[in-house]
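Colleague: I should like to go through this model with you, one point at a time. Please give your reasoning with each answer.

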Amino acid sequence: MNNPSKHLGLALFLGASAGGAMRILVDSLLTGHTLGGVSVSTIVVNVTGAFLLGALISTWTNRRQQNPKWNNYKIIFGTGTLGGYTTYSGFALAIAREFTLAAWGSGLLTVLLGLLAARLGWVASTAVMRSRR
């Protein structure tokens with residue numbers, strides 16, 4: 001018997017595993033670098049993850065009507081891969097642990113950069129889709 005939700009669950013698991021592996025790679029490349037007591041790798045993955053999520057959701061918004069499989073892609077890559085890649089909980093913990101003005105400043109900067117990155121991802125994806133029409 002073919003169970004679509006079972007396959008989606010496996011794909012979600014694999015996506016989250018891939019996201020976690022990408023996170024470990026970024027951590028290994030930026031080990032020891034901090035900004036206000038917050039790991040630079042945490043900032044980088046959260047901002048790049050926001051960009052990629054903005055691009056994914058823009059694409060999903062434009063494609064879901066033409067192809068219902070895009071609902072699964074959003075779950076696999078958005079929730080799975082990017083959920084495994086980003087770490088806002090680790091980010092919040094680092095700020096709470098440091099509890100300094102510099103940590104709060106890097107936190108605010110990261111959130112603002114994340115919002116900007118999500119918007120840029122959305123705009124970039126929309127521009128690519130328009131150019132292909």
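Colleague: With the side chain of which residue does the side chain of T42 make a polar contact?
Modeller: This is a predicted model. A polar contact requires a pair of N or O atoms within 3.5 Å. The T42 side chain meets that limit at 3.3 Å, and its partner is the side chain of R23.

Colleague: Is T42 buried or exposed?
Modeller: T42 is placed in helix α2, residues 40–63. Leaving aside residues up to four places away in sequence, T42 touches R23, T87 and F91. Its relative accessibility is 8%, and buried means under 20%; T42 is therefore buried.

Colleague: How far apart are the end C-alpha atoms of helix α3, and what span should its 17 residues have?
Modeller: Helix α3 covers residues 69–85, and its buried residues include W70, I76 and Y85. At 1.5 Å a residue, the expected span is 24 Å. This agrees with the distance between the end C-alpha atoms, which is 22 Å.

Colleague: Which helix supplies the largest share of the nonpolar patch?
Modeller: The patch, of about 580 Å², lies on the surface and is made by L35, F51, L52, L109, L113, L116 and L120. Both α2 and α5 (101–132) contribute at least two residues each. The largest share, four residues, comes from α5.

Colleague: How does L109 count in terms of relative accessibility?
Modeller: L109 is placed in helix α5 and belongs to the nonpolar patch. Its relative accessibility is 41%, which lies between the limits of 20% for buried and 50% for exposed. L109 therefore counts as partly exposed.

Note on methods:
Residues are numbered from 1 along each chain as its sequence is written. This is a predicted model: local features need pLDDT of at least 70, side-chain atom pairs count only at pLDDT 80 or more; totals for chains, interfaces and linings use all residues. Side-chain values use heavy atoms; hydrogens and water are left out. Buried means under 20% relative accessible area, exposed over 50%, partly exposed in between (1.4 Å probe, protein chains only). A polar contact is a pair of N or O atoms within 3.5 Å; within protein, one must be able to donate a hydrogen and the other to accept it, and residues adjacent in sequence count only if both atoms are side-chain atoms. Contact means heavy atoms within 4.5 Å. The expected span of a helix is 1.5 Å times one less than its number of residues. Patches are made of residues with over 30% relative accessible area and no salt bridge: like charges are joined within 9 Å, nonpolar side chains (Val, Leu, Ile, Met, Phe, Trp, Tyr) within 5 Å. Accessible areas come from the Shrake-Rupley method with a 1.4 Å probe; for residues, only the protein chains shown count as cover. A salt bridge is a side-chain nitrogen of Lys or Arg within 4 Å of a carboxyl oxygen of Asp or Glu.
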